[in-house]
Amino acid sequence: MLELKNVSVAYGSIRALRGIDMVVQPGKITAVLGANGAGKSSLLRAIAGIAPVTEGDLLYRNASLKPYPAHRRARMGISLAMEGRRLFRHMAVEENLLLAWSFGPRRTPFAQAVRSVYDAFPILGERRTTKAGMLSGGQQQMLILSSVTIREPELMLLDEPSLGLAPIIVSQIFDFITAYAKARGTAVLLAEQMAVMALRVADHGYVLRGGQVVMHGASDELVKADIVSKLSAAYL
Ligand code: ATP
C-alpha cells in the first residue's frame, strides 16, 4: 500500500527525518513510536504532503506520491488526523462531519455515513448539534477520528490520538481503530508516544529516535525491547 524509501525531511537547516525506509500494509496497523521531537509528526505530514521531503521517495500503490500536493493525496484516499484536536470548534458536531465528508470521495450518501459514525460513537449522535469546542477531550478525539473515517480513507494517518485522554477512552478509541481497519482493509499509521498501548493494537511498529528508525518489527517482539519499555516508562 505505502512504501517509504530513504525518505528525509528537513525544515530549512533542521533535519527532522533521515533515510526512513518503511512499509505500511492494507488492513494492518503500523505504529510509529518515539519520544517528543523524534520525528513522528514529520513522517505523517510528509506522507500527507505537508512536510518538505528533501530526499528519497514515497510509493503509494506502487506510484510515487511526490508529484501530488496534499489535496490530491487526500482525494487519493490518504487522510491525516493531526495532533492537537484540530476541529472547527465553532461548528456543530454534524457540521464538522459534513465538511469532512465533502472532502472525501462521497461514495456513501452523507445520511448513511453519519449514521455509521453515530452507531460507533453514540455520544456524538446525542451531541450532534453541540459545537465541537464544547465537547470533552475524549469526545473531540472521537469526532476527529470520525472526520477521518467519514472520508472513507484507504490510508489513515493518526497523530497521537491518545494525547491527554483517560486510559478508558484511549482503549475505546484504539478498539475502534482496530475494528475499522480490519473490517475495511484500511491501512493505519499510528504515531504514538504511548508505545506499549499502541503496540497492543498494532501489527508491527517502527521506533524513531533523532529522526531515524532505530528498531522495527512485529509488535509482540517490539514490546519486549528495552527501548520501548523506556519510552513508555517516560509517560507513566
Ligand atoms: P511531537 O510529539 O512533539 O510532535 P514528533 O516525534 O512528532 O514530536 P516532529 O514534530 O516531527 O517530532 O519534530 C521532529 C523535529 O523537527 C524536531 O526537532 C522539531 O523541532 C522539528 N520541527 C518540526 N516541525 C518543524 C517546523 N515546522 N519547522 C522547523 N522545525 C520543525
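1. Let's start with the second largest pocket and who builds its walls. In this predicted model, at least two lining residues come from each of helix 4 (110–120), helix 6 and helix 7 (167–184). Helix 4 is the top contributor here, giving four residues.

2. Now for the residues themselves. The lining of this second largest pocket includes Thr 108, Ala 113, Ser 116, Val 117 and Ala 120. Further along the chain, Ser 146, Thr 149, Ile 150 and Glu 152 also line the second largest pocket, together with Phe 176, Tyr 180 and Arg 184. Sort the lining by type and you get six nonpolar, four polar and two charged residues. The volume of the second largest pocket is about 180 Å³.

3. Next, have a look at the largest pocket. Its volume comes to about 690 Å³. The largest pocket is lined by 23 residues, and the ones closest to its centre are Leu 80, Met 82, Phe 88, Phe 103 and Arg 151. Try finding those five in the structure.

4. Which elements give two or more residues to the lining of the largest pocket? They are helix 2 (70–75), strand 6 (78–81), helix 3 (93–102) and helix 6 (137–149). Helix 2 has the largest share, with six residues. Keep an eye on helix 6: it turns up in the lining of the largest pocket and also in that of the second largest.

5. Last, the chemistry of the largest pocket. Its lining splits into 15 nonpolar, three polar and five charged residues.

Terms used: Residues numbered from 1 in each chain as written. Predicted model: local features only at pLDDT ≥ 70, side-chain atom pairs only at ≥ 80, totals over all residues. Heavy atoms only, no water. 1 Å grid on protein atoms, 1.4 Å probe; cavity = no way out; pocket = protein on both sides within 12 Å on 5 of 7 lines; lining within 4 Å. Points joined across faces, edges and corners; volume = space filled by probe spheres on them. Nonpolar A, V, L, I, M, F, W, Y, C, P; charged D, E, K, R; others polar.
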